[in-house]
Amino acid sequence: MTTPQRIGILAATVVVLILAFVLLRPGGDDGGSTAPSGASSTAGSAAGAPSTAAQPAAKTVNVVNGQPQGGIQTLSFHKGDQVRLRVVSDTADEIHIHGYDLKKDVEKGGSVEFAFPATIEGRFEVELEDAGVQIANLEVQPS
């Protein structure tokens with residue numbers, strides 16, 4: 001195999017890997033607007049355009065001293081709903097939503113937000129992954 005052929009195969013492989021990463025990464029594009037929350041846009045207000053007012057408020061789980069404040073909450077949704085979950089933590093860790101296999105790092109004193117469609121029915125653990133501490137249950141019921 002010649003050097004130009006090897007370079008061509010390598011370039012094609014890199015392109016495929018980049019596309020796979022962009023399309024399959026968790027916590028990526030949730031289909032929402034890129035405008036800041038609370039901002040209104042006259043460009044998107046044409047007939048038939050989705051309204052930003054239809055976005056459900058994020059359900060918040062507060063983590064204090066590495067534990068869910070008020071105990072483990074059950075966050076209930078129906079299949080087809082848009083799940084919006086915000087975790088505010090005084091502990092740095094990875095937040096993992098089992099079943100959907102979504103993961104995001106939260107800094108000490110920071111917060112992370114997940115937004116995704118509820119497509120899988122069941123009850124799933126939300127946890128501080130590194131600490132192994134469950135902070136919530138995500139429950140998706142039939143629509």
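These legends describe close-up views of a predicted model of one protein.

**Figure 1. Overview of the predicted protein and its secondary structure.**
The protein contains one helix and nine strands. Along the sequence the helix comes before the strands, in the pattern α-β-β-β-β-β-β-β-β-β. Of the 143 residues in the protein, 24% are buried. The exposed area is about 9,200 Å², and carbon and sulfur atoms supply 55% of that area. Among contacts with a separation of 6 or more, 59% are between residues 24 or more positions apart.

**Figure 2. An open sheet of five strands.**
The strands of this sheet lie in the order β3-β9-β8-β5-β6, and their pairing is mixed. The edges are formed by β3 (73–78) and β6 (102–106), each of which pairs on one side only. On average, neighbouring strands of the sheet are turned by 20 degrees against each other, with direction ignored. Within the sheet, strand β5 (residues 93–97) pairs with β8 in the antiparallel sense, over three bridges. Which residue of β8 is the bridge partner of Ile95? The partner is Leu128.

**Figure 3. The salt bridge between Glu113 and Arg84.**
Four salt bridges are found in the whole structure, and this view shows the one that joins the side chains of Glu113 and Arg84. The N to O distance is 2.6 Å. Glu113 lies in strand β7 (residues 110–117) and Arg84 in strand β4 (residues 82–89), so the salt bridge ties together parts that are 29 residues apart in sequence. Are the two residues buried or exposed? Glu113 is partly exposed, with a relative accessible area of 31%. Arg84 has a relative accessible area of 18% and is buried, because the cut-off for buried is under 20%. Side chains of opposite charge can pair when their charged atoms come close.

**Figure 4. The salt bridge between Lys103 and Asp101.**
In this pair the closest N and O atoms are 3.9 Å apart. Lys103 is partly exposed, at a relative accessible area of 38%. Asp101 also counts as partly exposed, with 45% relative accessibility. Both Asp101 and Lys103 are among the residues in contact with His96, which is the subject of Figure 6.

**Figure 5. Glu139 and its partners Arg123 and Ser76.**
Glu139 is placed in strand β9. Its salt bridge is with Arg123, and the closest N and O atoms of the pair are 3.7 Å apart. Arg123 lies in strand β8 (residues 122–128) and Glu139 in strand β9 (residues 133–141), so the salt bridge ties together parts that are 16 residues apart in sequence. The side chain of Glu139 also makes a polar contact of 2.9 Å with the side chain of Ser76. Leaving out residues up to four places away in sequence, Glu139 touches Thr74, Leu75, Ser76, Phe77, Gly122 and Arg123. Is Glu139 buried or exposed? At 19% relative accessibility, Glu139 counts as buried, because the cut-off is under 20%.

**Figure 6. His96 and its surroundings.**
His96 is located in strand β5. The residue is buried, with a relative accessible area of 6%. Which side chain is joined to that of His96 by a polar contact of 2.7 Å? The side chain is that of Glu129. Not counting neighbours within four places in sequence, His96 is in contact with Asp101, Leu102, Lys103, Glu125, Val126, Glu127 and Glu129.

**Figure 7. Val61 and its contacts.**
Val61 belongs to strand β1 (residues 59–64). With a relative accessible area of 1%, Val61 is buried. Apart from residues up to four places away in sequence, Val61 touches eight residues: Gln73, Leu75, Leu85, Arg86, Val87, Val88, Ile135 and Ala136. How many residues lie between Val61 and Ile135 in terms of sequence separation, and what is their C-alpha to C-alpha distance? They are 74 residues apart in sequence and 7.4 Å apart in space.

Note on methods. Residues are numbered from 1 along each chain as its sequence is written. This is a predicted model: local features need pLDDT of at least 70, side-chain atom pairs count only at pLDDT 80 or more; totals for chains, interfaces and linings use all residues. Side-chain values use heavy atoms; hydrogens and water are left out. Helices (H or I, at least four residues) and strands (E, at least two) are DSSP runs, numbered from the N terminus. Buried means under 20% relative accessible area, exposed over 50%, partly exposed in between (1.4 Å probe, protein chains only). Contact means heavy atoms within 4.5 Å. Accessible areas come from the Shrake-Rupley method with a 1.4 Å probe; for residues, only the protein chains shown count as cover. Two strands pair if DSSP finds at least two bridges between them. Axes are lines fitted to C-alpha atoms, for helices over the stretch in contact, and angles run from 0 to 180 degrees between N-to-C directions. A polar contact is a pair of N or O atoms within 3.5 Å; within protein, one must be able to donate a hydrogen and the other to accept it, and residues adjacent in sequence count only if both atoms are side-chain atoms.
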